[in-house]
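Please open the structure in your viewer and keep the sequence beside it, so that you can select each part as this tour reaches it.

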Amino acid sequence: MGRAVVIPHQGLDDLISLLKAQGYQVWGARETDGALELGPIAAAADLPRGRIEAAEAGTVRLVDGPRDAVFDHTLPMQGLKRAVYPAQERLYRTGPDLLTEAEPVEAPPTAVLGVRPCDLAALDTLTAVFEGGPFVDTRVRQRREALLLIAVNCMRPAATCFCASMGTGPRAEGGFDLAIDELIEAERHVFVVTAGSARGREILDQLPGEPAGEADLQAARAGSRACAEAQQRRMAGDAEAVLKRSYDHPHWAAVAERCLSCANCTMVCPTCFCGTVEDRSSLDGAEAERWRRWDSCFTLDFSYLHGGAVRNETASRYRQWITHKLAHWHDQFGRSGCVGCGRCIGWCPVGIDITAEVRALAAGDPAAGGLRRTADG
Ligand code: SF4
Ligand code: SF4
């Protein structure tokens, strides 16, 4: 681990000013309409100080927390996916001359303050998806390379978090430029700031603060351990095997009775990467544009082949999502597609819980019948 300094809680504004002076726009979690959204911040006062999520299956709302912490909240609605892979973007346009013009990528240097360890893991996963194969998505890469990542190690979990069981948190062990631990003891309120990259070290060298002592470093680690122990949910360790033997499980029909096929879970998931491409033309046909936008395996059109959709039933769409996420992602990318952020649990309007569904599949008898492979995808 790199050099670490302790700054007073007011020092967060020094950090933000320093980042701006170096040409970064600064993003953080802002309270908007009772929820947290990732976006530009001007000062530390824009962060949701003293606020935490009251999150449960089917509900996420911000409430006053028990202490005056800047980072006791956990996650904004969406992770870093939005920053590297916008929900929709124009790729090309062409005019009456039929010359095709690629849309330039806007990637201003952006410092994201308060990235949680699970979201760092999710960005690493997206990088494997978009940049790990023979065809690199250069639009995603340009945006990712413009990010300066300032992690915050979690000191309290939301009730929907299960990163500890996925090995992705609540402490960031890498993948950041700077990492922050917030320590509050009696009258003392400080941040321990640790460098995790050469860029981070350069910034840390200019930040007014004292070298971190052993007691603060230990307190920071103890806070992360306590956060892991306080997590109420966990993913079954054999989720991949459970999913791979559950293709015909009767539980899919039970999930489908509740699932609305609304696609919320895939929209908030920081690793769901499916997209579609649309061509749009002006009414007179003189101009045309090609757009890319997020898509979801929960929509009917997603599995459309000539003649119709392959996955007509909600049961087969939910099965597709969770089986890809927790099982076949391992075959494709050598890792789970889930980082345990819990967003899909909180933002599902009917409270479907990915950890509970895996438990139900593990407990039931897959031989008892259910969806037929030949009937519906
Ligand atoms: S599947 Fe759910 S818990 Fe896992 S990364 Fe996606 S949103 Fe987070
Ligand atoms: S699991 Fe929940 S969020 Fe996902 S599609 Fe079904 S109802 Fe919507």
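Before the first selection, one term is needed: two strands are said to pair if DSSP finds at least two bridges between them. Keep in mind throughout that this is a predicted model.

**The sheet**

Begin by selecting the strands of the open sheet, which has eight strands in the order 3-2-8-9-10-11-1-12, with mixed pairing. At its edges stand strand 3 (35-40) and strand 12 (210-211), each with a single partner strand, so one side of each is left without a neighbour in the sheet. In general, the strands of a sheet pair through backbone hydrogen bonds, in either the parallel or the antiparallel sense.

Next, select strand 10 and strand 11, which pair in the antiparallel sense over eight bridges, and look for D181, which stands opposite V192 in strand 11. The hairpin that these strands form has two residues between the strands, and in it A186 takes a positive phi near 50°.

Stay with strand 11 and add strand 1, since these two pair in the antiparallel sense over five bridges, with I7 standing opposite F191 in strand 11. Is strand 11 enclosed by the rest of the structure or open? Six of its eight residues are buried, so strand 11 is largely enclosed by the rest of the structure.

For a contrast in direction, select strand 2 (residues 25-32) and strand 8 (residues 110-115), which pair in the parallel sense over three bridges; here V26 has A111 of strand 8 as its bridge partner.

**Two helices, each with a buried side**

Now select helix 7 (residues 214-229), whose 16 residues should span 22 Å at 1.5 Å a residue, and whose end C-alpha atoms are 23 Å apart, which agrees. Colour D216, A220, G223 and C227, the buried residues of helix 7. They cover an arc of only 60° around the axis, which puts them on the same side of helix 7. Among the elements that cover these buried residues are strand 1 (4-8), strand 10 (178-185) and strand 11 (188-195). Turn the view to the face of helix 7 directed away from its buried side, and you will find the exposed residues E214, A215, Q218, A222, R225 and E229.

Helix 4 (residues 138-145) can be examined in the same manner, and here R139, V140, R143 and R144 are buried. Seen down the axis of helix 4, these buried residues fall within an arc of 130°, so they line one face of the helix. Their cover includes helix 2 (81-84), helix 3 (117-131) and strand 9 (147-152), while T138 and E145 are exposed on the other side of helix 4.

**A loop residue**

Select F273, which lies in the loop between helix 10 (264-268) and strand 13 (275-281). F273 is partly exposed, with 18 other C-beta atoms within 10 Å. Leaving aside residues up to four places away in sequence, F273 touches Y85, L126 and V129.

**The two ligands**

Which residues are closest to ligand 1? Of the 13 residues that surround ligand 1, the closest are C269, C338, C341, R343 and C344, and the shell as a whole has eight nonpolar, three polar and two charged residues.

Finish at ligand 2, where the surrounding residues include C259, C262, C265, F298 and C348; the shell around ligand 2 has 10 nonpolar, two polar and no charged residues.

Conventions:
Residues are numbered from 1 along each chain as its sequence is written. Chains are lettered from A and ligands numbered from 1 in the order in which they are written. This is a predicted model: local features need pLDDT of at least 70, side-chain atom pairs count only at pLDDT 80 or more; totals for chains, interfaces and linings use all residues. Helices (H or I, at least four residues) and strands (E, at least two) are DSSP runs, numbered from the N terminus. The expected span of a helix is 1.5 Å times one less than its number of residues. A residue is buried if 20 or more other C-beta atoms lie within 10 Å of its own, exposed if 12 or fewer, and partly exposed in between; C-beta atoms are placed from the backbone. The arc is that of the directions from the helix axis to the C-beta atoms. Two residues are in contact if their C-beta atoms, placed from the backbone, lie within 7 Å. A residue is near a molecule or strand if its C-beta atom, placed from the backbone, lies within 6 Å of it. Ala, Val, Leu, Ile, Met, Phe, Trp, Tyr, Cys and Pro count as nonpolar, Asp, Glu, Lys and Arg as charged, and the others, Gly among them, as polar.
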